[in-house]
Amino acid sequence: MKKHFKTIVKVALISVYVIFIAGSIVRMTGSGMGCPDWPKCFGYYIPPTDEEQLVWQPNTQYNEGVIIIKEEALFLAKNDLVTGDVFEDQNWSPYTKHEYAIFNVYHTWTEYINRLSSAVSGVFFLFLIIGALKYWNENKTIVYLSFGAFFLMLFEAWLGKTVIDSVLKPSVITIHMVAGLLIIALLLKLLHVLSAKTDNSQKFNKTFHYFLLVSAVFSVIQIALGTQVRQFVDEQVKLFGFENKQMSLYNPSIKFYVHRSFTIAIVLVNFYIFYKNEILKLGFKLPKIIMMLLGFEIISGILMFYSDFPFGTQTVHLLSGALLFGVQYYLLLQHKSLK
């Protein structure tokens with residue numbers, strides 16, 4: 001496994017970005033509460049495909065923990081049971097973690113696929129820590145970074161449950177997103193340790209290093225602000241409906257204007273990085289990718305605002321931001337290694 005460990009790290013990193021994509025699709029479609037419980041979905045490992053499966057039925061077997069919708073409320077089966085001709089309260093307990101009791105098959109399966117992507121990623125992280133142990137006598141940093149990423153993934157899983165229990169509370173979603181960026185940072189650090197080679201064509205520059213650090217911090221702040229703006233959009237969609245996308249940013253809060261205006265600072269900092277690399281011939285290739293990703297992020301943001309959220313633009317916007325942070329951080333690692 002040791003000779004394939006670098007590949008495992010790359011696959012684990014890709015899987016985290018896949019989770020970002022799946023999560024953005026969940027939010028884009030308003031499917032965040034498609035499964036009202038966690039880790040199961042309506043008490044099932046494989047969620048229902050029809051609302052009829054969630055309506056109480058007489059003379060029907062139900063397993064412990066299965067959820068039904070009755071009178072616009074959720075009820076949980078206390079034990080394995082077979083129903084009689086009438087509903088018996090003593091067999092069921094109200095689901096008290098929240099009051100969201102709506103079934104939409106598309107939302108349910110969108111959220112379920114999101115969870116599946118997280119479960120698959122978890123398997124890769126298990127391989128990661130198993131493979132990392134092979135380096136215990138050689139390089140303990142690899143072991144620490146691998147286990148740090150693994151435990152952060154467990155924390156992310158718990159946050160996923162908290163997001164559902166809180167009915168998509170904005171602050172919890174923001175923490176959820178930032179924790180994902182931290183996992184990316186740990187995996188990139190791990191990848192850099194495994195790939196560390198001195199490139200004689202690259203040069204260190206103190207000012208360049210400072211701006212790289214600022215750019216990565218700015219990206220984290222911007223993504224955190226973006227989750228807050230996204231929550232406002234979700235609330236507008238609930239209020240006006242998906243068919244009225246033009247109302248998504250109607251009378252937005254100050255957070256939207258901060259998020260939009262902050263883009264100017266991000267563009268200036270990253271353009272300076274690109275300019276400095278070219279003028280001083282520092283020899284780095286990643287600044288060009290940074291500018292490309294920044295372009296995707298800005299264009300998708302403009303389309304969302306002026307063209308009423310065309311399908312896919314939210315995913316492109318979030319993924320561009322997450323990739324941008326990853327490239328900035330890896331460039332920072334490359335540059336720091338030249339000191």
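Contact here means heavy atoms within 4.5 Å; keep that cut-off in mind for the stops below.

You're looking at a predicted model, where local features need pLDDT of at least 70 and side-chain atom pairs count only at pLDDT 80 or more, while totals for chains, interfaces and linings use all residues. Residues are numbered from 1 along each chain as its sequence is written, and side-chain values use heavy atoms, with hydrogens and water left out.

**The whole chain**

Start with everything shown as a cartoon. The C-alpha trace spans about 80 × 55 × 25 Å along its principal axes. The chain has eight helices and five strands; these are DSSP runs numbered from the N terminus, with helices being H or I of at least four residues and strands being E of at least two. Follow the chain from the N terminus and the elements come in the order α-β-β-β-β-β-α-α-α-α-α-α-α.

Now colour by burial, where buried means under 20% relative accessible area, exposed over 50%, and partly exposed in between (1.4 Å probe, protein chains only). Of the 339 residues, 47% count as buried. Switch on the surface: the accessible area is about 17700 Å², with 64% of that belonging to carbon and sulfur atoms. Such areas come from the Shrake-Rupley method with a 1.4 Å probe, and for residues only the protein chains shown count as cover. As for contacts between residues at least 6 apart in sequence, 72% join residues at least 24 apart.

**Stop 1: M153 and its neighbours**

Select M153, which is in helix α3 (residues 140-165). Is M153 buried or exposed? It counts as buried because its relative accessible area is 13%. Leave out the neighbours within four places in sequence, and M153 is in contact with I19, S121, G122, F125 and I183. Add V16 to the view as well: it is 137 residues from M153 along the chain, yet their C-alpha atoms are separated by 9.4 Å.

**Stop 2: the loop between α1 and β1**

Next, select C35 and C41. They form a disulfide, with the sulfur atoms 2.0 Å apart; the rule asks for a pair of cysteine sulfur atoms within 2.5 Å. By that rule the count is one disulfide. Turn the view to look along the S-S bond: the angle about it is -85°, a left-handed link. Both ends are covered, as C35 is buried at 0% relative accessibility and C41 is buried at 1%.

Then pick P39, in the loop between α1 (5-28) and β1 (61-62). The peptide bond from W38 to P39 is cis, with omega near 5°. Further on, N59 is in the loop between α1 and β1 too. Its phi is positive, near 55°. Most residues other than glycine have a negative phi, and most peptide bonds are trans. N59 counts as exposed because its relative accessibility is 55%.

**Stop 3: the β2-β3 hairpin**

Move to β2 (residues 67-70) and β3 (residues 73-77), which pair in the antiparallel sense over four bridges; pairing takes at least two DSSP bridges between two strands. Show I69 and you'll find it opposite L74 in β3.

How many residues lie between β2 and β3 in the hairpin? There are two, and E71 in the turn has a positive phi of about 55°. E72 lies in the loop between β2 and β3, and has a positive phi of about 60°. Both side chains are worth showing: E71 is exposed at 71% and E72 is exposed at 72%.

E71 also forms a salt bridge with K70, the closest N and O atoms being 3.4 Å apart. The rule is a side-chain nitrogen of Lys or Arg within 4 Å of a carboxyl oxygen of Asp or Glu. K70 is partly exposed, at 22% relative accessibility.

**Stop 4: a salt bridge in α2**

The count comes to two salt bridges. For another, select R115 and E111, where the closest N and O atoms are 2.9 Å apart. The two are separated by about one helical turn because they are four residues apart in helix α2 (residues 105-132). R115 and E111 are both buried.

**Stop 5: helix α6**

Finish on α6 (residues 254-279), a helix of 26 residues. Put a distance between its end C-alpha atoms and you'll get 38 Å, which agrees with the expected span of 38 Å; that expectation is 1.5 Å times one less than the number of residues. Among its buried residues are F256, H259, F262 and I266. Just after α6, K281 takes a positive phi of about 50°.
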